[in-house]
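Good morning, everyone, and thank you for making the time. I would like to take you through one model this morning, and I will ask you to keep the structure in view while I talk.

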Amino acid sequence: MSFEYPWRLPVALLAILAVGWYLRYAARRRDAAALLYSNVAFVREAFSTSAWIVRMLVAAWIVSVALLALAVAGPRITLPVPVQQGSAVICVDTSGSMASTDIAPTRSAAATAAARAFIRRSPPGIRIGIVAFSSQAEVVQPLTSHHRRAIQALAQLPPPNGATAIGDALALAARMLPARGHRVIVLLTDGVNNTGVNPMAVAQRLGELHVPVYTIGIGTNSGAFIPGTGEPAQLDQGALRAYAQVSGGTYARASDAGELRGILSHLGGVTGFEQRRVDASLAFALLAGLGMLASFLVGSFFGGYR
Amino acid sequence: MPATDRGRRLRNALLTGKRRPRLFGSGSPSGLRGDGYEFAELRAYVAGDDPRRIDWAATARSGALQTRVVLEDVALTMAAIVDTSASMRVGRSTSLLDCALDVLRAWFEAVESEDRAMQITARGAVPDIRLRGRAAATAAFAFHASASEQFDLWNHLRIARAILPAGSALLLITDGYDFTEEETVPDGDAMLADLGRRYDMTCLVARDPWYEGLPLRGFVRFKDAQSGRLLDAYIGARQRRAYVEAVARREARLIERLEQARWRAAPLLEGAGPASLYAAFGVGHLVQS
């Protein structure tokens, strides 16, 4: 923890001491108006206030005053906070194999629904772009902070058709991302690359640039066929795990649309966090106020004495 | 300070009370050196008189049985101890001490010509124990302990035990906080019992001014009348209830303790001092406000 205005700390302590002195002075003046009683020890016994409650009240009060002094000095602490200017590109596989129905209703529909969930869960301010790829990659939605626009763009994804150029998609996504800041790529595919540049090389390069690729394997190896082709629809988990590993991301497999949405929703939630120094003055002041209020209320209920 | 009707009834109650020592024959029941039976008068013998009291010389002269009446049969020794500690200087409209002084006045109003009257102080009896009658009562009532004089209940009781002849009537007016100093007076109960055996003991326990309930709510600062110590407390419904219960419990326990020691004990109500005294002797009714 550091302080924005460290010189305020002794000033605040002096001010607190001055206020304390004044309150004591005022209390002495109030003594004249105190209720004269035969034996205050009897009153204390009658109220049966536990000593630990009084000690707790005093401790709470001291801690609250200390927090107030710290709040005045402008404390700064490092915390994981939602990133407001991060960027994420979602690469959605639209190759012919995504028409398979081993995930209900189809792999393609499941991927689209999951991408939609990811966008909805992303913190405001995160810029999102969408790349569709099959035999080649194309930008469906450039980076935008208008999440509603990105969701609308998902409707423009082409129907499943053609080969799978994962390397091209990753390269295009990398070009869309800004040079700095918090950046991620989310790859939604069944993982069988059969055209374009080598995806492993691109993933390696992205890792060097600190751009993690989160790969989501869509589909199963249940022996389902690609509709209209007679070819078996496959899922290359090994390749997807390798792309994620070399780039610093993670791999997850979604065997149905619901699970896929869950994974991507979680990813959307964690994408936007970054360690930052934040101003904790308000939090400290609120804690101090709560402490004082709590000690007052506890004192009100149980009765305090000195 | 003329004797009032209720004063006379109070005196009569003391004279005929069961606590009054019965004097038989000769000898001295007094612990005071030289203070034996003192001749008062001769009267005609009545059935029940102790034969040892018959004055045979007077009988021979008059031709009828004559009984010697000693002063102890017709005169009282009335003493009082008033708690003058700072804890008695609190109260609602009047202080407990002012109320105690009203009681003291009523007590000494019962004194008649041959009675002794005195107030027990830290330095002994005021006035001297040999003084009798209304003059003694007036002097006893006029004494006021100086504010700087520390009141020590147990010390006063020890002095009374050393001074007073057996059968004396001793009135104690206190708020009772000194009775709880068990650590300083480990044999307190034995001493109270001893006093109860030797004297006609009466204690009026000054009732807490806020017996019915504390007058304040919320954050209240108390100041100890004795030590000046402060106590900040919050008074809510729970505290008010606890306080009323504790005050009633304390008064009841104190009275029970004194009664066990054969004392006559009763509460002293603010603004009704003399009435509290007469009620304790059964010569009046006390209307509790």
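I will begin with chain A as a whole, then turn to one arginine, and finish with a pocket and a cavity.

Please keep in mind throughout that what you are looking at is a predicted model. Chain A carries ten helices and ten strands, and of its 306 residues, 46% are buried. If we take the contacts in chain A with a separation of 6 or more, 81% of them are between residues 24 or more positions apart. The area that chain A exposes comes to about 15300 Å², of which carbon and sulfur atoms supply 60%.

Now to the arginine, Arg183(A), which you will find in strand E7 of chain A, spanning residues 183-189. Is Arg183(A) buried or exposed? Its relative accessibility is 12%, and because buried means under 20%, Arg183(A) counts as buried. What, then, does its side chain reach? One partner is the backbone oxygen of Leu209(A), at 2.8 Å, and a polar atom of the same Arg183(A) side chain also lies 3.0 Å from the backbone oxygen of Pro178(A). Leaving aside residues up to four places away in sequence, Arg183(A) touches Ser87(A), Leu177(A), Pro178(A), Leu209(A), His210(A), Val211(A) and Pro212(A).

Let me move on to the second largest pocket, which holds about 810 Å³ of space. It is lined by 30 residues, and those closest to its centre are Asn39(A), Gly176(B), Tyr177(B), Thr180(B) and Arg250(B). Two elements give two or more residues to this lining, namely helix H2 of chain A, residues 40-47, and helix H8 of chain B, residues 237-260; of the elements, H8(B) gives the most, with six residues. By residue class, the lining of this pocket divides into 13 charged, nine nonpolar and eight polar residues.

Finally, the cavities, of which a search of the whole structure finds five of 30 Å³ or more. The second largest cavity has about 80 Å³ of space, and the residues that line it include Val82(B), Gln119(B), Phe143(B), Glu149(B) and His156(B). Which element gives the most to the lining of that cavity? The answer is strand E4 of chain B, residues 116-121, with three residues. The lining of the second largest cavity is made up of six nonpolar residues, five polar and one charged, whereas in the lining of the second largest pocket 13 residues are charged.

Key: Residues are numbered from 1 along each chain as its sequence is written. Chains are lettered from A and ligands numbered from 1 in the order in which they are written. This is a predicted model: local features need pLDDT of at least 70, side-chain atom pairs count only at pLDDT 80 or more; totals for chains, interfaces and linings use all residues. Side-chain values use heavy atoms; hydrogens and water are left out. On a 1 Å grid over the protein atoms alone, a cavity is a set of points where a 1.4 Å probe fits but cannot get out, and a pocket is an open set with protein on both sides within 12 Å along at least five of seven lines; lining residues have an atom within 4 Å of a point. Grid points are joined across faces, edges and corners, and a volume is the space filled by probe spheres set on the points. Helices (H or I, at least four residues) and strands (E, at least two) are DSSP runs, numbered from the N terminus. Ala, Val, Leu, Ile, Met, Phe, Trp, Tyr, Cys and Pro count as nonpolar, Asp, Glu, Lys and Arg as charged, and the others, Gly among them, as polar. Buried means under 20% relative accessible area, exposed over 50%, partly exposed in between (1.4 Å probe, protein chains only). Contact means heavy atoms within 4.5 Å. Accessible areas come from the Shrake-Rupley method with a 1.4 Å probe; for residues, only the protein chains shown count as cover. A polar contact is a pair of N or O atoms within 3.5 Å; within protein, one must be able to donate a hydrogen and the other to accept it, and residues adjacent in sequence count only if both atoms are side-chain atoms.
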